[in-house]
Amino acid sequence: MLRFFLLGISLLLVQGGYLVAQAPSVHHLRNPSFEGEPADATLPVGWLTSTPSTTPDILPGYWGVFQDANDGDTYVGLITRPDGSWEAIAQRLPVPLVPTDCYQFTIDLAHSRTYSGYNGALKLRVYGGRTREDRSYLLYESSTIDHLDWRTHVIDIKPEKGFQYLILEAFYSDRPFSFGGNILLDNISPIKPCPRA
């Protein structure tokens, strides 16, 4: 009987080690460069809206925005409005990020001064959530993105709890927003463990 018990424990340890060894250390997002047919109020394939009744734009070519993409052919534009509404998009990760581990990814950000009146400069906020609208865990807030050229921003996140959704949100300061603004997003790298110092 003891032999079967020890054999069972050994199998559990081996399986547990196998599962840990197979857990991905690199998380690849679907459509990380927001490729798609340029259109207003349209989600790129692989992404979900994260705010009720509002969707981003696939650019260039709409709303007076004609800047070339930094990677691929298209990118996404998120706005805030004077009525207090704002845009955010989300993606369900194939495997949740592990709490307390440090992760890093990059994203290219820019601003447009000709976004059909939504021309104020905004920040990017990154949340982790259990659903696409859950903003329980603020992971990152950028500085105000007022540069017109694409610049790569390095984002380090260290979730305190596991989450399944990554949410990218147009943000300025406190809600409700009192002006129209925009932020342009392109070229998200895979999410990897933070480099060791």
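**Exercise 1. Find the strands that pair with β11 in this predicted model, and state the sense of each pairing.**

Solution. Strand β6 (residues 120-121) pairs with β11 in the parallel sense, over two bridges. Within this pairing, Ala121 has Asn182 of β11 as its bridge partner. Next comes β3, which pairs with β11 in the antiparallel sense over five bridges. Leu78 stands opposite Ile183 in β11. Finally, β5 and β11 run antiparallel and are joined by three bridges. Here Ala110 stands opposite Leu184 in β11.

**Exercise 2. Decide whether β11 is enclosed or open, and check each face.**

Solution. Start with the rule that side chains in a regular strand alternate between the two faces of the sheet. On one side of β11 are Gly181, Ile183 and Leu185, and all are buried. On the other side, Asn182, Leu184 and Asp186 are buried too. Six of the six residues of β11 are therefore buried, so the strand is largely enclosed by the rest of the structure.

**Exercise 3. Place Leu124 and Leu184 in the nonpolar cores.**

Solution. The largest nonpolar core has 29 residues, and Leu124 is among those with the most contacts inside it, as are Ile183 and Leu185. Elements giving two or more residues to this core include β7 (123-129) and β11 (181-186). Leu184 belongs to a second, separate core of nine residues, which also includes Tyr75, Ile79 and Trp150.

**Exercise 4. Classify Tyr140 as buried or exposed, and list its contacts.**

Solution. Tyr140 lies in strand β8. Its relative accessible area is 17%; because buried means under 20%, Tyr140 is buried. Beyond its neighbours within four places in sequence, Tyr140 is in contact with Leu124, Arg125, Val126, His153, Val154 and Ile155.

Note on methods. Residues are numbered from 1 along each chain as its sequence is written. This is a predicted model: local features need pLDDT of at least 70, side-chain atom pairs count only at pLDDT 80 or more; totals for chains, interfaces and linings use all residues. Side-chain values use heavy atoms; hydrogens and water are left out. A nonpolar core is a set of buried Ala, Val, Leu, Ile, Met, Phe, Trp, Tyr and Cys residues joined through side-chain atoms within 4.5 Å. Buried means under 20% relative accessible area, exposed over 50%, partly exposed in between (1.4 Å probe, protein chains only). Helices (H or I, at least four residues) and strands (E, at least two) are DSSP runs, numbered from the N terminus. Contact means heavy atoms within 4.5 Å. Two strands pair if DSSP finds at least two bridges between them.
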